[in-house]
Amino acid sequence: MAIVFWDSRGMILQHILPKGESVNADRYCETLDRLRHAVRRKRPGLLRSGVVLQHNNATPHTAKRTKEWPERYRWDLFPIQLTVQTLHPQTYIYLGP
């Protein structure tokens, strides 16, 4: 499984999980820590101007620990309700079946 973060300039972080492992709140927060370091390296001005994470309703995104993480670093959340009907066809190609 791949966790990918990007902005209008391109990919910021791609994190590949070992085969058979899944994402839980702890794993996702570790990935957010990696993202913060990647933003600092690749988009240094973004940390000062503000970061907005777009989260869907997946369990790791709705956990209390995950919701507290962006507050700690003053990142904003832009929640969406993700359903199959809202996915763009290209998403299927990128994410796979």
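This is a short tour of a predicted model of a single chain, from its overall layout to its core, its ring pairs and a few residues worth a look.

**The overall layout**

The chain has 97 residues, and buried ones make up 27% of them. Its secondary structure comes to five helices and four strands. If you walk along the sequence, the order is β-β-α-α-β-α-α-β-α. Take the contacts between residues at least 6 apart in sequence: 53% of them join residues at least 24 apart. On the outside, the chain exposes about 7100 Å², with carbon and sulfur atoms supplying 54% of that area.

**The core**

Which residues touch the most other members of the largest nonpolar core? In this set of 14 residues, they are Phe 5, Leu 32, Leu 35, Leu 53 and Trp 75. Strand 1 (2–7), strand 2 (10–16) and helix 1 (25–42) each put in at least two residues. Helix 1 is the top contributor, giving six residues to this core.

Phe 5 is a good place to start looking around. It has a relative accessible area of 11%, so Phe 5 counts as buried, the cut-off being under 20%. Leaving aside residues up to four places away in sequence, Phe 5 touches Met 11, Ile 12, Leu 13, Tyr 28, Thr 31, Leu 32, Leu 35 and Leu 53.

One of those partners, Thr 31, sits in helix 1. Is Thr 31 buried or exposed? It is buried, at 0% relative accessibility. With residues up to four places away in sequence again left out, Thr 31 touches Ile 3, Phe 5, Leu 13 and His 15.

**Rings that pair up**

The model has three aromatic pairs. In one of them, the ring centres of Phe 5 and Tyr 28 are 6.4 Å apart and the planes meet at 35°, so this pair is tilted. Phe 5 belongs to strand 1 and Tyr 28 to helix 1, so the pair ties together parts that are 23 residues apart in sequence. Like Phe 5, Tyr 28 is buried, and its relative accessible area is 5%.

Another pair is Trp 69 with Tyr 73, also tilted, with 4.6 Å from centre to centre and 50° between the planes. These two are four residues apart in helix 4, which means about one helical turn separates them. Trp 69 is buried at 1% relative accessibility, whereas Tyr 73 is partly exposed at 27%. Ring pairs also bring in Trp 75, making a cluster of Trp 69, Tyr 73 and Trp 75.

Here are the two pairs just described, set out for reference.

| Aromatic pair | Centre to centre | Angle between planes | Arrangement |
|---|---|---|---|
| Phe 5 and Tyr 28 | 6.4 Å | 35° | tilted |
| Trp 69 and Tyr 73 | 4.6 Å | 50° | tilted |

**Helix 4 and what comes after it**

Helix 4 covers residues 64–73, and its buried residues are Thr 66, Trp 69 and Pro 70. Looking down the helix axis, you find these buried residues within an arc of 85°, so they line one face of helix 4. What does the face turned away from that buried side carry? The exposed residues there are Lys 64 and Glu 71.

Right after helix 4 comes Arg 74, with a positive phi near 60°. Arg 74 has that positive phi although it is not a glycine. Its place is the loop between helix 4 and strand 4 (76–79). Arg 74 is exposed, at a relative accessible area of 75%.

**Pro 60**

Pro 60 is part of helix 3, which spans residues 59–62. Pro 60 has 13% relative accessibility, so it counts as buried. Not counting residues up to four places away in sequence, Pro 60 touches Val 23, Asn 24, Ala 25, Tyr 28 and Thr 66. Tyr 28 also turns up among the contacts of Phe 5, and Thr 66 is one of the buried residues of helix 4. How far apart in space are Pro 60 and Cys 29? Their C-alpha atoms are 8.7 Å apart, while 31 residues separate them in sequence.

Conventions. Residues are numbered from 1 along each chain as its sequence is written. This is a predicted model: local features need pLDDT of at least 70, side-chain atom pairs count only at pLDDT 80 or more; totals for chains, interfaces and linings use all residues. Side-chain values use heavy atoms; hydrogens and water are left out. A nonpolar core is a set of buried Ala, Val, Leu, Ile, Met, Phe, Trp, Tyr and Cys residues joined through side-chain atoms within 4.5 Å. Buried means under 20% relative accessible area, exposed over 50%, partly exposed in between (1.4 Å probe, protein chains only). Contact means heavy atoms within 4.5 Å. Accessible areas come from the Shrake-Rupley method with a 1.4 Å probe; for residues, only the protein chains shown count as cover. The arc is that of the directions from the helix axis to the C-beta atoms. Rings of Phe, Tyr and Trp (its six-membered ring) pair if their centres lie within 6.5 Å; planes under 30 degrees apart count as stacked, over 60 as edge-to-face and the rest as tilted.
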